[in-house]
Amino acid sequence: MSERYSFSLTTFSPSGKLVQIEYALAAVAAGSPSIGIKVANGAVLATEKKYKSLLYDENSIHKIARITDKIGMVYSGMGPDYRVLLRKARKLAQEYQMKYQDSIPTSQLVEKVASVMQEYTQSGGVRPFGVSLLITGTGEEGPYLYQCDPSGAYFAWKATALGRNHINGKTFLEKRYSKLKKKLPIVQIFSILTISTNTMLRYNEEMELEDAIHTAILTLKESFDGQMTEDNIEIGVVNSSGFNRLTPSEVKDYLAAI
């Protein structure tokens with residue numbers, strides 16, 4: 001019976017679901033993996049960036065993008081939908097800058113982008129965006145990490161995973177998390193990170209940014225098919241200086257240390 005409602009965006013099924021949103025979430029789950037990790041002195045975004053053809057110019061495609069000097073974003077799902085939301089996010093940020101002569105706070109930008117996504121779940125003639133977003137930024141209270149879903153819901157996270165095998169990615173980050181509250185010294189945490197991807201401690205709020213980058217790469221590696229190189233992953237970092245996407249040579253150095 002629920003099939004009668006599967007093509008209607010604005011009609012609830014008898015079970016209380018908008019089925020098109022469920023389909024949009026399925027598109028997200030089929031997308032390339034993306035990882036976000038927030039730590040005390042910054043946050044990291046990492047994603048898989050594979051090409052359908054060896055003839056693609058790898059420098060022409062980027063999945064991690066800067067919205068403002070202090071805010072960056074990555075997605076899992078449909079790339080064209082992401083471009084629409086990225087353009088809208090940049091426009092919203094510029095409108096705030098022109099009106100208040102200041103950078104838009106991360107939380108306000110996330111709320112505005114989530115509102116745009118929500119509008120597409122209750123309007124005729126449109127469909128939900130087939131992407132989930134990870135948005136990170138920095139402000140007076142430190143770094144932020146948010147997730148926006150096709151429904152328009154948004155959440156603040158310490159660490160999370162999107163896309164293909166996202167459950168495994170979250171499990172990798174969550175495993176033995178309770179033990180991390182013992183606040184191991186950073187040196188000990190780093191040594192554990194380099195011992196084994198099967199037995200290490202995954203995530204710790206007391207981590208430094210460098211350790212978070214290594215953890216993000218290792219989390220991606222859990223579901224990565226083939227050889228991971230600087231050409232098929234992207235990493236973005238936000239700290240007190242703002243948001244930057246790492247260059248391929250910088251990514252290569254981190255991969256060499258794993």
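H7 and H8 are roughly perpendicular to each other, because their axes pack at an angle of about 80°. This is a predicted model, and the briefing below walks through its helix contacts, its pockets and its enclosed space. Helix H7 is a good thread to follow: the helix packs against H8, packs against H4 as well, and supplies at least two residues to the lining of the largest cavity. Helix H2 offers a second thread, since H2 gives the most to the lining of the largest pocket and its axis comes within 10 Å of that of H3.

**H7 with H8**

- The axes of H7 and helix H8 (residues 248-257) lie 10 Å apart.
- On the H7 side, the contact is made by Glu 210, Ile 213, His 214 and Ile 217, while H8 brings Tyr 254, Leu 255 and Ala 257.
- Sorted by class, this contact of H7 with H8 holds five nonpolar residues, one polar and one charged.

**H4 with H7**

- H4 and H7 pack with their axes 9 Å apart, at an angle of about 140°.
- That angle falls in none of the parallel, antiparallel or perpendicular ranges, so H4 and H7 count as oblique to each other.
- The crossing in which H4 passes H7 is right-handed.
- Gly 169, Phe 172 and Leu 173 of H4 meet Thr 215, Leu 218 and Thr 219 of H7.
- Here the classes are three nonpolar and three polar residues, with no charged ones.

**The largest cavity**

- Searching the whole structure turns up one cavity of 30 Å³ or more.
- The largest cavity has a volume of about 40 Å³.
- If you would like to find it in the viewer, its lining includes Pro 33, Ser 34 and Ile 35, along with Ala 161, Leu 162, Arg 164, Asn 165 and His 166.
- Gly 169, Thr 219, Leu 220 and Ser 223 are also among the lining residues; Gly 169 and Thr 219 take part in the meeting of H4 and H7 too.
- At least two lining residues come from each of strand S1 (34-39), strand S8 (159-162), helix H4 (166-174) and helix H7 (209-221).
- The lining of this cavity has five nonpolar, six polar and one charged residues.

**H2 with H3**

- The axes of H2 and H3 come within 10 Å and cross at roughly 135°.
- H2 and H3 are therefore oblique to each other.
- H2 passes H3 in a crossing that is right-handed.
- From H2, the contact draws on Leu 85, Lys 88, Ala 89, Leu 92, Ala 93 and Tyr 96.
- From H3, the partners are Gln 108, Leu 109, Lys 112, Val 113, Val 116 and Met 117.
- Nine residues of the contact of H2 with H3 are nonpolar, one is polar and two are charged.

**The largest pocket**

- The volume of the largest pocket is about 530 Å³.
- Its lining takes in 21 residues, with Lys 50, Ile 61, Lys 63, Tyr 75 and Gly 79 nearest the centre.
- Strand S4 (71-77) and helix H2 (79-100) are the elements that give two or more residues to this lining.
- H2 gives the most, with five residues.
- The class count for the lining is 10 nonpolar, five polar and six charged.

**The second largest pocket**

- The second largest pocket has a volume of about 270 Å³.
- It is lined by 14 residues, and those nearest its centre are Ser 103, Pro 105, Thr 138, Gly 139 and Glu 140.
- Two or more lining residues come from helix H3 (106-119) and from strand S5 (131-139).
- Five nonpolar, five polar and four charged residues make up this lining.

Note on methods:
Residues are numbered from 1 along each chain as its sequence is written. This is a predicted model: local features need pLDDT of at least 70, side-chain atom pairs count only at pLDDT 80 or more; totals for chains, interfaces and linings use all residues. Side-chain values use heavy atoms; hydrogens and water are left out. On a 1 Å grid over the protein atoms alone, a cavity is a set of points where a 1.4 Å probe fits but cannot get out, and a pocket is an open set with protein on both sides within 12 Å along at least five of seven lines; lining residues have an atom within 4 Å of a point. Grid points are joined across faces, edges and corners, and a volume is the space filled by probe spheres set on the points. Helices (H or I, at least four residues) and strands (E, at least two) are DSSP runs, numbered from the N terminus. Ala, Val, Leu, Ile, Met, Phe, Trp, Tyr, Cys and Pro count as nonpolar, Asp, Glu, Lys and Arg as charged, and the others, Gly among them, as polar. Axes are lines fitted to C-alpha atoms, for helices over the stretch in contact, and angles run from 0 to 180 degrees between N-to-C directions. Angles under 35 degrees count as roughly parallel, over 145 as roughly antiparallel, 65 to 115 as roughly perpendicular and the rest as oblique. A crossing is left-handed if the near helix is turned anticlockwise from the far one by less than a right angle, and right-handed if clockwise. Contact means heavy atoms within 4.5 Å.
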